[in-house]
Amino acid sequence: KVKACLFDLDGVIVDTAKYHYIAWKELANNMGFDFTLEDNERLKGVSRMTSLDILLSIGNIEKSEEEKLALATLKNEKYLSYILKMGPEEILPGTRDFLELLKKEGIKIALGSASKNAMTILERLELTPYFEAIIDGTKVSKAKPDPEVFLKGAEALGVAPMDCVVFEDAEAGVDAALAGGMKCVGIGKEDVLGKAHLVVEGLHKMDMQKLS
Ligand code: G6P
Ligand code: MG
């Protein structure tokens, strides 16, 4: 029986990828190279510093650690300027209804995200009260596909991994859930997320019956 649901944030609850994209693209353009939407796919579920490394490799640019920190800070300032304008209207379809349903059924809810901006985003979306535990990029040392983020979430909820379901839009996130011994629902396309127990287009298409 499912006792807890653990949600990734970016791409599952809200489409922040478009804001990450604008901010990274601006950074790339300022350094003299282009950054495409296809390139942006490679950054999904990946931490901020690793994302920057990928971006720099696309531009064939080398930077010192100090310069990298400055660039990552600059990118995050741009990103935050968009995030801070978000509101509940940007919550992806079906999310709030699904969270309400879980609450009614007594299923515990946690967040498992690589983002250091997760708290800010949940606040902007007015979703914070649904989450009994929030494990984000400030609380983990190992990035997905390592299961740390989800195992910490399950532990905080006091639920065994085998009784948890993870909702993820990134392949690395699906791998993390499976490595943690959890069930996983992929949010997106079957060809990318095929390893998940179930793949749905979005939370508006989710039906808990399909999991049992
Ligand atoms: C999520 C997103 C990634 C992002 C990462 C870190 O996993 O899918 O695209 O790079 O969070 O986000 P942050 O808000 O800390 O820069
Ligand atoms: Mg994601």
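Axes here are lines fitted to C-alpha atoms, for helices over the stretch in contact, and angles between them run from 0 to 180 degrees between N-to-C directions. Keep that in mind for the first close-up; everything shown comes from a predicted model.

**Figure 1. Helix α3 meets helix α4.** Look at α3 (residues 48–58) and α4 (residues 65–83): their axes come within 10 Å and cross at roughly 105 degrees. Angles of 65 to 115 degrees count as roughly perpendicular, so that is the label for α3 against α4. On the α3 side, the contact is made by Arg 48, Met 49 and Leu 52, while α4 brings in Lys 68, Leu 71, Ala 72 and Asn 76. Sort these residues by class and you get 4 nonpolar, 1 polar and 2 charged.

**Figure 2. The surroundings of ligand 1.** There are 17 residues around ligand 1, and Asp 10, Arg 48, Ala 114, Ser 115 and Lys 116 come nearest. You may recognise Arg 48 from the helix contact in the view before. What classes make up the shell around ligand 1? It holds 10 polar residues, 4 charged ones and 3 nonpolar ones.

**Figure 3. The buried residues of helix α7.** Zoom in on α7 (residues 148–157) and pick out its buried residues: Val 149, Phe 150, Leu 151, Gly 153, Ala 154 and Leu 157. In an α-helix there are 3.6 residues a turn, so residues three or four places apart point the same way. What do the buried residues of α7 pack against? Their partners are four strands, β1 (4–7), β2 (108–112), β3 (133–135) and β4 (164–168), plus the helix α8 (171–179). Just after α7 comes Gly 158, with a positive phi near 70 degrees.

**Figure 4. His 197 in its loop.** You'll find His 197 in the loop that runs between α9 (190–193) and β6 (198–200). Is His 197 buried or partly exposed? It counts as partly exposed because it has 16 C-beta neighbours inside 10 Å, and being buried would take 20 or more. Setting aside neighbours within four places in sequence, His 197 is in contact with Lys 183, Cys 184, Val 185 and Leu 211. Leu 122 sits 75 residues away from His 197 along the chain, and their C-alpha atoms are separated by 27 Å.

**Figure 5. Stepping back to the whole protein.** Zoomed out, you can count 9 helices and 6 strands. The C-alpha trace spans about 50 × 35 × 30 Å along its principal axes. Of the 212 residues, 39% count as buried.

Notes:
Residues numbered from 1 in each chain as written. Chains lettered and ligands numbered in written order. Predicted model: local features only at pLDDT ≥ 70, side-chain atom pairs only at ≥ 80, totals over all residues. Helix = DSSP H or I, 4+ residues; strand = E, 2+ residues; numbered from the N terminus. Buried ≥ 20, exposed ≤ 12 C-beta atoms within 10 Å, placed from the backbone. Near = placed C-beta within 6 Å. Nonpolar A, V, L, I, M, F, W, Y, C, P; charged D, E, K, R; others polar. Parallel < 35°, antiparallel > 145°, perpendicular 65-115°, else oblique. Contact = placed C-beta atoms within 7 Å.
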